[in-house]
Amino acid sequence: MWERSLVLSAPGKVILHGEHAVVHGKVALAVALNLRTFLRLRPCAEGKVCVRLPGVGVVRSWDTSSLQALRTSIADFDESKSPSVEQLHTLKEFAGIAAGASAPESLATLAFLYMCLAISAKYGWTEEELTLINSWAFQGERVIHGNPSGVDNAVGTWGGALRYQSGKITPLKRVPMLRILLTNTKVPRSTKVLVAGVKEKILKFPAIMNPVLDSIDAISQECQSVLEAMPANPSPEYYPVLEELFDINQHHLNVIGVGHPSLDRLCRVTASHGLHSKLTGAGGGGCGITLLRPDTSPLAMEAAKRDLCACGFECWETNIGAPGVTLHSSSSLNAEVLHALSES
């Protein structure tokens, strides 16, 4: 068990370009956001392991003796292999999770138990250790999603920006500091249904849809070239091409059937303030991203956020290219983070 308190964090992630096309072998660009999830590890009451995940309403505890017995009853854990059906079944029985449960709190508890039993505490940030962190984070993704791409855990581990294509993940050579506005439309959607819908369109109209996917692929590659050529703190003249790529890709995503009226509204609202937006991720609702030029005035920014909130949306101003998993000292944390951790 842990002998001292530790605070760690990992960045958020958005897809900059390549949504859905990546499923069909095209390039996607994923970037880390400086909207971070924090984790505090601290000694618990003797003989107990406790977990509190306020974001999904999980408060659970188990006797260490029970966990040790559970650990010996499960076959060896291996970060190179997906969790077995038998392992997950045993963990669900132990935690009282129904066989077909898919609620976030159930999956979070399951992933925590798997990782808690599988990993021995080890701290340090050599490349070898980051690779190990990434491997185990991928296992957590497998517990929750079954067959994930590996992008989310890679961005969370290394931060920055990554290129993904057909299972190969490559860090971008450099990532300029770009400000964005992340907006949640709060419209629920099913990634599985949306992916299936795109596939159906491709099968129905291959001569029409495949060129659209090729164009999205070209957008991702052009964006990568532009980002890698930009200085660390780019001036406004670098932005027009990035804004055009946002606009073109958003139209393509509507063409392949993953747009939504809420996302169209988001784009219209930000366009009325001279800003350029696109959906990010699965589409069909969910989130959108808006590119913010360095010369965007605070008044324009606040007006855009006010109009988006009036639509029932939720907004966060942040930047891309954030650092990956980080171990923090208490003195480096701001008051808001310290307060949130004290509440959990």
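**A cavity, a helix face and an aromatic cluster**

The largest cavity has a volume of about 40 Å³. The structure is a predicted model. Rolling a probe the size of a water molecule over the atoms shows where empty space is left. With a threshold of 30 Å³ or more, the count comes to 1 cavity. Seven residues form the lining of the largest cavity, and their character is uniform: 7 are nonpolar, none is polar and none is charged. The lining consists of Leu16, Leu178, Cys223, Leu227, Leu242, Phe246 and Leu291. Two helices stand out here. Helix H7 (206-229) supplies at least two of the lining residues, and so does helix H8 (239-255).

Helix H2 comes next. This helix spans residues 85-95, and its buried residues are Gln87, Leu88, Leu91, Lys92 and Ala95. These residues lie on the same side of H2, because they cover an arc of only 130° around the axis. The spacing fits a general rule. An α-helix has 3.6 residues a turn, so residues three or four places apart point the same way. The face of H2 turned away from the buried side carries exposed residues, namely Val85, Glu86 and Glu93. Several elements help to cover the buried residues of H2. Among them are strand S4 and helix H3, together with helix H1 (64-73) and helix H4 (127-145). After H2 comes Gly96. The phi of Gly96 is positive, near 70°.

Aromatic rings were examined across the whole structure. The search finds 2 aromatic pairs. In one of them, the ring centres of Trp62 and Phe112 are 6.1 Å apart and the ring planes meet at 15°, so this pair is stacked. The stacked pair links distant parts of the chain, with its two residues 50 residues apart. Trp62 belongs to strand S4 (residues 58-63), while Phe112 belongs to helix H3 (residues 104-118). S4 and H3 are also among the elements that cover the buried residues of H2.

The two partners differ in exposure. Trp62 has a relative accessibility of 6% and therefore counts as buried. Phe112 has a relative accessibility of 23% and therefore counts as partly exposed, the cut-off for buried being under 20%. A third ring completes the group. Ring pairs link Phe94 with Trp62 and Phe112 into a cluster.

Notes
Residues are numbered from 1 along each chain as its sequence is written. This is a predicted model: local features need pLDDT of at least 70, side-chain atom pairs count only at pLDDT 80 or more; totals for chains, interfaces and linings use all residues. Side-chain values use heavy atoms; hydrogens and water are left out. Rings of Phe, Tyr and Trp (its six-membered ring) pair if their centres lie within 6.5 Å; planes under 30 degrees apart count as stacked, over 60 as edge-to-face and the rest as tilted. Helices (H or I, at least four residues) and strands (E, at least two) are DSSP runs, numbered from the N terminus. Buried means under 20% relative accessible area, exposed over 50%, partly exposed in between (1.4 Å probe, protein chains only). On a 1 Å grid over the protein atoms alone, a cavity is a set of points where a 1.4 Å probe fits but cannot get out, and a pocket is an open set with protein on both sides within 12 Å along at least five of seven lines; lining residues have an atom within 4 Å of a point. Grid points are joined across faces, edges and corners, and a volume is the space filled by probe spheres set on the points. Ala, Val, Leu, Ile, Met, Phe, Trp, Tyr, Cys and Pro count as nonpolar, Asp, Glu, Lys and Arg as charged, and the others, Gly among them, as polar. The arc is that of the directions from the helix axis to the C-beta atoms. Contact means heavy atoms within 4.5 Å.
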